[in-house]
Amino acid sequence: MIGSGAGDADGAMAPDADARAGGAPAAAPSARKRGEWARHWQYAGLPGLDLLRARYVRHTFPRHSHEGYVLGAVTGGVERIGLPDGAVNAGDGGIVMINPEVPHTAQAGAPEGWAYSTLYPSPQLVADIAAETTGLVGTAGFTDAFAADPEAVRLVNGVHRAAEEGNALAADSLLRVVIARLLRRHGGPLPARTPAAAGARTAQRARALLETRLTSPPSLEQLAQELGTSPFALLRAFKNAYGMPPHAWLTDARVRRARRLLDAGTAPAEAAVAVGFTDQPHLNRHFTRIVGVPPGAYRRERAGGARTYKTAGEGPS
C-alpha cells in the first residue's frame with residue numbers, strides 16, 4: 001500500500017518498539033512523521049494471521065479484496081474506506097471490519113493521513129473462535145463495517161505489541177478476546193449463497209477462465225466470445241458478481257498468487273513473471289499498492305529479515 005516499483009529499495013526503520021502494551025503506538029520520530037511507513041508480517045506464534053501496522057498519507061488502495069477477514073484499528077488521522085454500500089470514514093479509536101472477498105478501496109480521509117494496526121485473520125481462525133464463543137449459525141462474519149470502539153483498538157494494538165515482543169501467550173489471548181468481542185457486538189451469519197442467475201454464472205465462468213490464464217489473459221472481446229455473450233454484458237455481470245471489472249480482478253488475483261510464491265521463498269523477479277506481470281517493477285507497483293509494502297520487503301519479513309518499510313517523505317505512485 002505504498003510507493004512505486006522504485007520503492008523496493010526500502011529503508012530499514014525500527015517499528016514502534018516502545019509502543020505501550022495494549023495501547024496506541026508511541027509517538028513516531030520526526031522523520032517518520034514526514035513520511036509513510038509500514039510493516040506487514042507474520043508471527044509464528046499466531047498461525048492463520050497476518051499483521052500490518054502502518055501510516056499512510058498520500059497512498060490510495062485500489063479496489064481489491066482479501067481471502068480472509070480485515071480488522072483495522074485506527075490509531076491516528078482518518079481512513080476513508082470505499083465499500084459496496086458506500087464510503088466509511090474511520091477515525092482514531094475506530095475499528096474497521098471487512099469480510100472475506102468484499103471489494104473495497106482505502107485512502108486518507110484527512111490531510112494528515114491515517115495510522116492503523118490491522119489484523120488479517122483467516123476464515124478458519126474466525127470460524128473456530130465463533131464456534132467457541134458465539135451462537136452464530138453458518139459462516140460467521142461482521143454485519144457492521146465500522147464501529148467506534150477504543151477498547152477493541154487497544155486490544156488490536158496489544159496483539160501487535162505482544163507479537164513484536166515474542167510473547168505468544170499474550171498475543172494469542174488478546175487476539176481471541178478481540179475477535180470474540182467484535183463477533184458478539186457486530187457479528188452475524190454471512191448470507192448463504194443462492195443459485196446463480198445467468199449473469200452470475202457467466203461471471204463465474206469468466207473468473208475461472210482468467211484464473212487459468214493469469215499470464216496470458218484474453219481481451220475482453222475474446223473472453224466474451226468464448227462465453228457466448230457481449231463485452232458490455234460481461235462487464236456488467238462481472239462487476240455485479242465481484243465488485244470490480246475483470247481487469248482489476250485479474251491484477252488482484254496476480255498479486256494474491258505472487259504473495260503465495262513469496263511466502264514460499266520465490267524471488268520477486270521470478271514471482272513477477274510467474275503470475276503474468278511484465279517484470280519486477282510492474283509487480284512492485286501493483287503489489288505495493290494492494291499489500292502495503294514492496295514485494296522485497298514482504299519476502300524478507302517472511303524470512304525474518306527487514307522490519308519496517310518507509311518512504312522518506314515521498315508519497316506513493
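In which helix does Thr-202 lie? Thr-202 belongs to helix α5, which spans residues 198-212. The legends below describe this and other sites in a predicted model.

**Figure 1. Overview of the predicted protein chain and its confidence.** The protein chain contains 11 helices and 12 strands. Of its 317 residues, 51% count as buried. Among contacts between residues at least 6 apart in sequence, 74% join residues at least 24 apart. The mean pLDDT of the chain is 87, and 84% of its residues reach a value of 70 or more. Residues 1-33 stay under a pLDDT of 50, and the model has 91 contacts beyond four places in sequence for this stretch. The pLDDT is also below 50 over residues 311-317, a stretch with 17 contacts in the model beyond near neighbours in sequence.

**Figure 2. Surroundings of Thr-202 in helix α5.** Thr-202 has a relative accessible area of 16% and is therefore classed as buried, the cut-off being under 20%. Leaving aside residues up to four places away in sequence, Thr-202 touches Leu-227, Thr-229 and Leu-234.

**Figure 3. The buried face of helix α9, residues 268-275.** Four residues of α9 are shown as buried: Pro-268, Ala-271, Ala-272 and Val-275. Viewed down the axis of α9, these buried residues fall within an arc of 105°, so they line one face of the helix. The general geometry of such a helix is that it has 3.6 residues a turn, so residues three or four places apart point the same way. On the other side of α9, Glu-270 and Val-273 are exposed. The cover over the buried residues of α9 includes α8 (246-263), α10 (280-291) and α11 (295-302). Gly-276 follows α9 and has a positive phi, near 105°.

**Figure 4. Contacts of Val-275 in helix α9.** Val-275 is buried, with a relative accessible area of 0%. Not counting residues up to four places away in sequence, Val-275 touches Leu-214, Thr-215, Arg-254, Arg-257, Ala-258 and Leu-261. Leu-261 and Val-275 are 14 residues apart along the chain, and their C-alpha atoms are separated by 9.2 Å.

**Figure 5. The largest cavity and its lining.** The model has 3 cavities of 30 Å³ or more. The largest cavity holds about 130 Å³ of space. Its lining consists of 15 residues, and those nearest its centre are Val-70, Glu-79, Ile-98, His-104 and Tyr-116. The elements giving two or more residues to this lining are β3 (60-64), β4 (70-83), β6 (94-98), β7 (104-108) and β8 (114-121). The most is given by β4, with 4 residues. By class, the lining of the largest cavity comprises 9 nonpolar, 5 polar and 1 charged residues.

**Figure 6. The second largest pocket and its lining.** The volume of the second largest pocket is about 450 Å³. This pocket is lined by 25 residues, of which Asp-50, His-66, Glu-67, Gly-68 and Arg-259 lie nearest its centre. Two or more lining residues come from each of β8, α8, α10 and α11. Helix α8 supplies the largest share of the lining, 6 residues. Sorted by class, the lining of the second largest pocket has 9 nonpolar, 8 polar and 8 charged residues.

**Figure 7. Backbone conformation at Glu-101, in the loop between β6 and β7.** Glu-101 is not a glycine, yet its phi is positive, at about 65°. In general, most residues other than glycine have a negative phi. Glu-101 is partly exposed, with a relative accessible area of 37%. The two strands that this loop separates, β6 and β7, each give two or more residues to the lining of the largest cavity shown in Figure 5.

Note on methods: Residues numbered from 1 in each chain as written. Predicted model: local features only at pLDDT ≥ 70, side-chain atom pairs only at ≥ 80, totals over all residues. Heavy atoms only, no water. 1 Å grid on protein atoms, 1.4 Å probe; cavity = no way out; pocket = protein on both sides within 12 Å on 5 of 7 lines; lining within 4 Å. Points joined across faces, edges and corners; volume = space filled by probe spheres on them. Nonpolar A, V, L, I, M, F, W, Y, C, P; charged D, E, K, R; others polar. Buried < 20%, exposed > 50% of the residue type's maximum accessible area, 1.4 Å probe, protein only. Arc of directions from axis to C-beta. Contact = heavy atoms within 4.5 Å. pLDDT = per-residue confidence, 0-100.
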